[in-house]
Amino acid sequence: MRDSSWLNVCDFGAVGDGQNDCTEAFRKALEAAAGRRGTVFVPDGVFVTGTVRLPPHTGLVGNATWGYREYGGSTLRLKDAAGPCLVDITGAVGATVNGLSLQGQDLGSGVHGIYMGANPGKKEEDTPRIERCHVSHFTGDGIRLDPVWCFSIRGCEVIFNKGNGLGIRGWDGFILDNWFSGNGGSGIASIGVTASNTLTGNRIEWNRGGGIRILGGGHYNITGNYIDRSGGPGL
């Protein structure tokens, strides 16, 4: 952590005891990181927080020691039932979310785990990277990208959310080697016009709304996925 581009959220007042509100500490740490295109490290612990908003070209990175059903390592736990999401990457061009457990606590209605919304001032590709994250028990989608242009989601488990595991409206994405399990909607769902997306090596199972649902999409490369025990069509 001696590299000046890496900042520890605990140095800004965050306490991973599952009790203290760490919202302001995350805001301050990410604001500091934005000035140097830096990364905020989240150590092991349970950090209770409202919506965490990433600035452009910043990272939020933790220790990915979660299991199939359990959170573990660096955990963010939602405290605000009224917020739109736990991690907001709207407008955060070039952002990375890596190695975190995100817990929704089944709070509120339609609250997403990781969310990217409309950015009217967009002038370049979004290019978010979401990797090695455990995203569970949100009342909306585990991950909702609406819209997104150029993105990757790799090695994540998105499980037991009331909406879709992944809901996307966007283009030029790589969705590789993830688990989408036990969600109330589809494992992966297009929620508007989508195109030029690659889906490879994902395990998509026990989703009540089906496996992969594409409405209004085209130019997909879908290979090597395992789709099992869907509540609707596998594809």
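**Exercise 1. Asp146 and its charged partners**

Task: Determine whether Asp146 counts as buried or exposed in this predicted model, and identify the network of salt bridges that includes Asp146.

Solution. Step 1: The relative accessibility of Asp146 is 18%. Because buried means under 20%, Asp146 counts as buried.
Step 2: The side chain of Asp146 forms a salt bridge with that of Arg144, with an N to O distance of 3.9 Å. The cut-off for a salt bridge is 4 Å, so this pair qualifies.
Step 3: Through salt bridges with shared partners, Asp141, Arg144, Asp146 and Arg169 belong to one network.

**Exercise 2. Two further salt bridges**

Task: State how many salt bridges are counted, then describe the pairs Arg27 with Glu24 and Lys122 with Asp126.

Solution. Step 1: The count comes to 11 salt bridges.
Step 2: Arg27 and Glu24 meet through their side chains at 2.5 Å, N to O. Both residues belong to helix H1 (residues 23–34), where they are 3 residues apart, about one turn of the helix.
Step 3: Arg27 has a relative accessible area of 41% and is therefore partly exposed. Glu24, at 40%, is likewise partly exposed.
Step 4: Lys122 and Asp126 form a salt bridge of 2.8 Å, N to O. Lys122 is partly exposed at 27%, whereas Asp126 is buried at 2%.

**Exercise 3. Strand S11 and its pairings**

Task: Establish how many residues of strand S11 are buried, and which residues stand opposite Ile114.

Solution. Step 1: Strand S11 covers residues 112–116, and 4 of its 5 residues are buried, which leaves the strand mostly covered.
Step 2: Strand S8 (residues 85–88) runs parallel to S11, and 3 bridges join them. In this pairing, Val87 is opposite Ile114.
Step 3: S11 also pairs with strand S14 (residues 143–154), in the parallel sense and over 3 bridges. Here Ile143 of S14 is the residue opposite Ile114.
Step 4: Ile114 thus has Val87 opposite it in one pairing and Ile143 in the other.

**Exercise 4. Two buried loop residues**

Task: Locate Cys133 and Asn207, and describe the surroundings of each.

Solution. Step 1: Cys133 lies in the loop between strand S12 (129–131) and strand S13 (134–136). Its relative accessible area is 0%, so Cys133 is buried.
Step 2: Beyond its neighbours within four places in sequence, Cys133 is in contact with several residues, including Trp66, Val97, Leu100 and Cys156. The C-alpha atom of Cys133 is 7.9 Å from that of Val158, although the two residues are 25 residues apart along the chain.
Step 3: Asn207 occupies the loop between strand S20 (203–205) and strand S21 (212–213). With a relative accessible area of 0%, Asn207 is buried.
Step 4: The side chain of Asn207 makes a polar contact of 3.0 Å with the side chain of Asn183. Leaving aside neighbours within four places in sequence, the residues in contact with Asn207 include Phe180, Ser181, Asn183, Arg229 and Gly232.

**Exercise 5. A nonpolar surface patch**

Task: Identify the residues that form a nonpolar patch with Leu235, and classify Leu235 as buried or exposed.

Solution. Step 1: Leu235 is found in the segment after strand S23 (226–228).
Step 2: The relative accessible area of Leu235 is 66%; because exposed means over 50%, Leu235 is exposed.
Step 3: Ile222 and Ile227 join Leu235 in the nonpolar patch on the surface, and together the three residues have about 260 Å² of accessible area.

Technical notes:
Residues numbered from 1 in each chain as written. Predicted model: local features only at pLDDT ≥ 70, side-chain atom pairs only at ≥ 80, totals over all residues. Heavy atoms only, no water. Helix = DSSP H or I, 4+ residues; strand = E, 2+ residues; numbered from the N terminus. Buried < 20%, exposed > 50% of the residue type's maximum accessible area, 1.4 Å probe, protein only. Polar contact = N/O pair within 3.5 Å; in protein donor to acceptor, adjacent residues only side chain to side chain. Contact = heavy atoms within 4.5 Å. Patch = residues over 30% accessible without salt bridge, like charges linked within 9 Å, V, L, I, M, F, W, Y side chains within 5 Å. Areas by Shrake-Rupley, 256 points an atom, 1.4 Å probe, with all protein chains shown as cover. Pairing = 2+ DSSP bridges.
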